[in-house]
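Notebook open, coffee poured. Today I'm browsing one protein structure and jotting down what I look up.

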Amino acid sequence: SDGWRLYEYITRHFIATVSQDCKYLQTTIDFKIGMEAFSCSGKTLISAVCNVFTGYTTVMPWQGIPLEEALPACERGDTFTVDEIKLVERQTSPPDYLTEADLITLMEKHGIGTDASIPVHINNICQRNYVTVENGRRLKPTNLGIVLVHGYYKIDAELVLPTIRSAVEKQLNLIAQGKANYQQVLQHGLEIFKRKFHYFVDSITSMDELMEVSFSPIAATGKPLSRCGKCHRFMKYIQAKPSRLHCSHCDETHSLPQNGAIKLYKELRCPLDDFELVLWTSGARGKSYPLCPYCFSHPPFRDMKKGMGCNECTHPSCQHSLNSLGIGQCVECDGGVLVLDPTSGPKWRMACNKCNVVVHFFEHAHKVQVAQESCDACDASLVAVDFNKTRTPLPDGETQHTGCVFCDPIFQDVVELKHATMRHSMHRGGGARRGGRGRGRGRRGNPKKPKDKMAALAAYFV
């Protein structure tokens, strides 16, 4: 496939470099029709050595001389009959889009980038949706890219022109040659861009005006999903990446975890800020957890970082937090805590709030709750389960049982360890700083990892 095409091209290119030169005869004919003077040029291939090899274009025929470029044989003073004269009305067409090779050539011409950094620059503008790659590896600017360039040019043309970047590159080369001081160049560059940044911020309204012409304002997009904790109006869920929630009344935008689906979580509210909780899920075979849109970007506690959901929240009494739903330390990673997913019934599961370990248990149970008591052997929280009476694993048809998912022999046969199916890595903050759950006597340290049960869980790996 493509591998063979690449191999063939490299091989042909090498053979062509050691082949004879391609020789051709270029002819230019000057002639008159009435009082008007005209000129035309053409190329005719000259056969070198023999009729088989005509230079390197035999190996690379796409660089050869097409037959239609040849002119008829003629001598000075020859007369030809004009068969047809017609006038064609046309409009000038814009130049074609640059190919990647054209762009690299221009960047090298203006002294922008190095052999290592130029491909990174091109990849960045593609990933940021400033351009799209069309047929022939041509880079077609998107509406976003065009608007950004016009906006930058309107505010500060030097942000678009290659002059500043080229000047910086020259200064870096002087540092490499020992002709310039690193700290002086650094401070000079920082001062320039600091001033440009402040000037750009002061003139940002010009950019907004251009954006509004080509794009809908953020307040007009998305669909209502959950209520804002400040004004209690519905915030709009904007699905376009990066997905986020926007409150048009407060004019605030709240970040959300990416690469998954966002749903409303039972219309429940965060006890800290009154924002309605939402549920992030990566699918039926993946992980899911609730989160507060405000706490996600503004951690309420010192031991929390940005990008944490309720499964990592250390609120001492919230029913959605790690303190209420945490069961025990993850059996595979360090620092992670297995947290009950209260939305997973009837196929109940608990998931690590740090890695992608998922533990399936108690399928078809009516209710699964984390009890206040903890296991004497491993310090994990006990789990109270109300089984379906027709599928209960308990003896004598009993349906209710409370025990440790790691140590209880009755629960041991209904626990299955898997790895969550993730669309991509979640790019979130680290896990909880402590394992286990809070108690009336205060938070305890990391619960002991149930080493004697890890081998049993590992046997269920999929």
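Below are my entries on a sheet, two cores and two residues.

**Entry 1: the model.** Before anything else, I noted that this is a predicted model.

**Entry 2: a small set of strands.** I looked up a sheet of 3 strands and found that it is open, with the order S9-S10-S11. The pairing in it is antiparallel. Which strands sit at the edges? They are S9, covering 261-269, and S11, covering 288-291, and each of them pairs on one side only. I also checked the twist: on average, neighbouring strands here are turned by 25 degrees against each other, ignoring direction.

Then I zoomed in on one pair. S10 takes in residues 276-281, and 4 bridges join S10 to S11. For one bridge I looked up the partners: Trp280 goes with Tyr289 in S11.

**Entry 3: the cores.** I wrote myself a reminder that nonpolar side chains tend to be buried together in soluble globular proteins. Next I looked up the largest nonpolar core, which has 35 residues. Which of them touch the most other members? My list reads Phe361, Phe362, Val405 and Phe406.

I also asked where this core gets its residues. Helix H9 (322-325) gives two or more, and so do the strands S13 (337-340), S14 (349-352), S15 (357-361), S16 (367-374) and S17 (381-386). S13 gives the largest share, with 4 residues.

There is a second core too, separate from that one, with 22 residues. Among them are Met235, Tyr237, Cys270 and Cys295.

**Entry 4: Ser297.** This serine lies in helix H8, residues 293-297. Is Ser297 buried or exposed? Ser297 counts as buried because its relative accessibility is 16%, and the cut-off for buried is under 20%. I then looked at who is around. Setting aside neighbours within four places in sequence, Ser297 is in contact with Ser255 and Lys306. I also looked up His254: Ser297 and His254 are 43 residues apart in sequence, but their C-alpha atoms are 7.0 Å apart in space.

**Entry 5: Asn388.** I found Asn388 in the loop between S17 and strand S18 (400-403). With a relative accessibility of 19%, Asn388 counts as buried, so that under-20% cut-off came in handy again. What does its side chain make a polar contact with? The partner is the side chain of Thr390, at 2.8 Å. Leaving out neighbours within four places in sequence, Asn388 is in contact with His364, Ala365 and His366.

Definitions and conventions: Residues are numbered from 1 along each chain as its sequence is written. This is a predicted model: local features need pLDDT of at least 70, side-chain atom pairs count only at pLDDT 80 or more; totals for chains, interfaces and linings use all residues. Side-chain values use heavy atoms; hydrogens and water are left out. Two strands pair if DSSP finds at least two bridges between them. Axes are lines fitted to C-alpha atoms, for helices over the stretch in contact, and angles run from 0 to 180 degrees between N-to-C directions. A nonpolar core is a set of buried Ala, Val, Leu, Ile, Met, Phe, Trp, Tyr and Cys residues joined through side-chain atoms within 4.5 Å. Buried means under 20% relative accessible area, exposed over 50%, partly exposed in between (1.4 Å probe, protein chains only). Contact means heavy atoms within 4.5 Å. A polar contact is a pair of N or O atoms within 3.5 Å; within protein, one must be able to donate a hydrogen and the other to accept it, and residues adjacent in sequence count only if both atoms are side-chain atoms.
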